[in-house]
Amino acid sequence: MSDLIESPPLKPRMLLRARLIFVALFFGSAICFGVQGDYVLAAALSITGMASFSGYRMGAASILGTLVAIGVAIALAPSIGRAHEFRFEQWFGTTGLTNRILTIGTIGVLISLAVTTVWFIFTRLILLSRPRVDSMNRWVGFAIGGLEGAVAVLLFLGGMLILEPIERARAEKRASIDAQGPAVSDWILGISDGVYRSKIGPAIIDNNPFKKIPQLNKVAEVQQSVQVLSDPKKIDQLIHHPSIRKLQQRPEMRRAVDRLNGDPSIQEVLRSGRPMDRAAVMTLMNHPAVL
């Protein structure tokens with residue numbers, strides 16, 4: 001009688017032999033390179049291995065569903081959020097940029113959860129009755145997870161190499177005052193030196209995405225902005241630029257400036273001469289004219 005009853009399909013698991021092979025490939029190799037002092041390659045292998053096993057656990061369908069949910073949230077949350085800002089203002093008493101960020105962020109999370117839940121139920125109904133398809137789904141997820149881990153490592157280490165010359169120049173300028181330098185600077189320089197010594201270093205240097213894709217590298221623009229903001233003469237040139245002049249003539253800009261000039265709390269923040277603290281930031285964030 002029991003033979004006539006179909007047992008539910010088992011959740012596919014990675015075979016023990018395959019698991020041992022990949023554990024040895026990623027984590028065994030990581031331990032080996034770590035013992036040799038190549039901590040960069042050891043960390044890269046460990047992160048890629050963990051991402052691969054995480055991808056297997058999730059499956060390609062779930063990974064794709066997560067991306068779809070994020071895409072839908074990015075597309076819909078801003079417009080829906082702005083339409084319901086007044087509700088959040090009534091419920092939570094928040095205003096200005098704080099209220100907008102809260103509204104769009106909350107709606108974005110809710111949209112992501114809803115899309116992910118629907119996607120998960122739909123894919124589970126399909127995959128539970130097709131063990132072979134589910135197995136393929138997980139192995140593709142294993143590959144995608146490993147690729148994501150490798151790309152994350154490449155982006156992180158490539159970013160450290162981009163920041164390294166800047167931090168090294170700063171370290172040399174402050175060497176007479178602070179020989180050890182700030183902790184963050186030392187951390188960046190330490191990782192960069194590890195990349196140069198690593199067996200994987202040449203591959204990262206040759207394929208640094210921040211050099212291959214100029215749009216990713218905004219360090220030069222940030223430096224230029226900092227230089228402008230720290231030089232009163234350059235700020236004066238910026239204020240008198242035709243584009244800024246044109247912007248100042250817009251009625252909505254004039255109204256916003258008038259509101260800011262007429263608000264005692266904003267004037268107190270702007271004219272205090274003190275560094276921006278949490279209270280000052282919240283004052284600006286909550287002001288409707290800043291929004």
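## Helices H1 and H2

The crossing of H1 and H2 is left-handed. This comes from a predicted model. Helix H1 covers residues 16-35, and helix H2 covers residues 39-58. Their axes come within 7 Å. They cross at roughly 160 degrees. Angles over 145 degrees count as roughly antiparallel, so H1 and H2 are roughly antiparallel to each other.

Many residues build this contact. From H1 come Arg 19, Phe 22, Val 23, Phe 26, Phe 27, Ser 29, Ala 30, Phe 33 and Gly 34. From H2 come Tyr 39, Leu 41, Ala 42, Leu 45, Ser 46, Thr 48, Gly 49, Met 50, Ser 52 and Phe 53. By class, the contact of H1 with H2 holds twelve nonpolar residues, six polar ones and one charged one.

## Helices H3 and H5

Helix H3 spans residues 60-83. It packs with H5 at an angle of about 145 degrees. The two axes are 7 Å apart. The crossing of H3 and H5 is right-handed. Nonpolar residues number 17 in this contact, alongside seven polar and two charged residues.

Ala 75 is found in helix H3. Is Ala 75 buried or exposed? Its relative accessible area is 54%. Exposed means over 50%, so Ala 75 is exposed. Gly 108 lies 33 residues away from Ala 75 along the chain. In space, the C-alpha atoms of Ala 75 and Gly 108 are separated by 9.2 Å.

## Helices H4 and H5

Helix H4 runs over residues 85-92, and helix H5 over residues 96-127. The axes of H4 and H5 come within 9 Å. They cross at roughly 110 degrees. Angles of 65 to 115 degrees count as roughly perpendicular, so H4 and H5 are roughly perpendicular to each other.

Which residues meet here? H4 brings Glu 85, Phe 88, Glu 89 and Phe 92. H5 brings Asn 99, Arg 100, Leu 102, Thr 103 and Thr 106. The residues of the contact of H4 with H5 divide into three nonpolar, three polar and three charged.

## Two residues of H5

Gly 96 is found in helix H5. The relative accessible area of Gly 96 is 9%. Buried means under 20%, so Gly 96 is buried. Gly 96 and Thr 283 are 187 residues apart in sequence. Their C-alpha atoms are 9.5 Å apart in space.

Arg 124 lies in helix H5 too. The relative accessibility of Arg 124 is 18%. The cut-off for buried is under 20%, so Arg 124 counts as buried. What does Arg 124 touch, not counting residues up to four places away in sequence? Its contacts are Asp 134, Asn 137 and Arg 138.

## The protein as a whole

The protein has 15 helices and zero strands. It has 291 residues, and buried residues make up 28% of them. The protein exposes about 19,900 Å². Carbon and sulfur atoms supply 66% of that area.

Contacts can also be sorted by sequence separation. Take the contacts with a separation of 6 or more. Residues 24 or more positions apart account for 65% of them.

Methods:
Residues numbered from 1 in each chain as written. Predicted model: local features only at pLDDT ≥ 70, side-chain atom pairs only at ≥ 80, totals over all residues. Heavy atoms only, no water. Axes fitted to C-alpha atoms, helices over the stretch in contact; angles between N-to-C directions. Helix = DSSP H or I, 4+ residues; strand = E, 2+ residues; numbered from the N terminus. Parallel < 35°, antiparallel > 145°, perpendicular 65-115°, else oblique. Contact = heavy atoms within 4.5 Å. Nonpolar A, V, L, I, M, F, W, Y, C, P; charged D, E, K, R; others polar. Left-handed = near helix turned anticlockwise from the far one by under 90°. Buried < 20%, exposed > 50% of the residue type's maximum accessible area, 1.4 Å probe, protein only. Areas by Shrake-Rupley, 256 points an atom, 1.4 Å probe, with all protein chains shown as cover.
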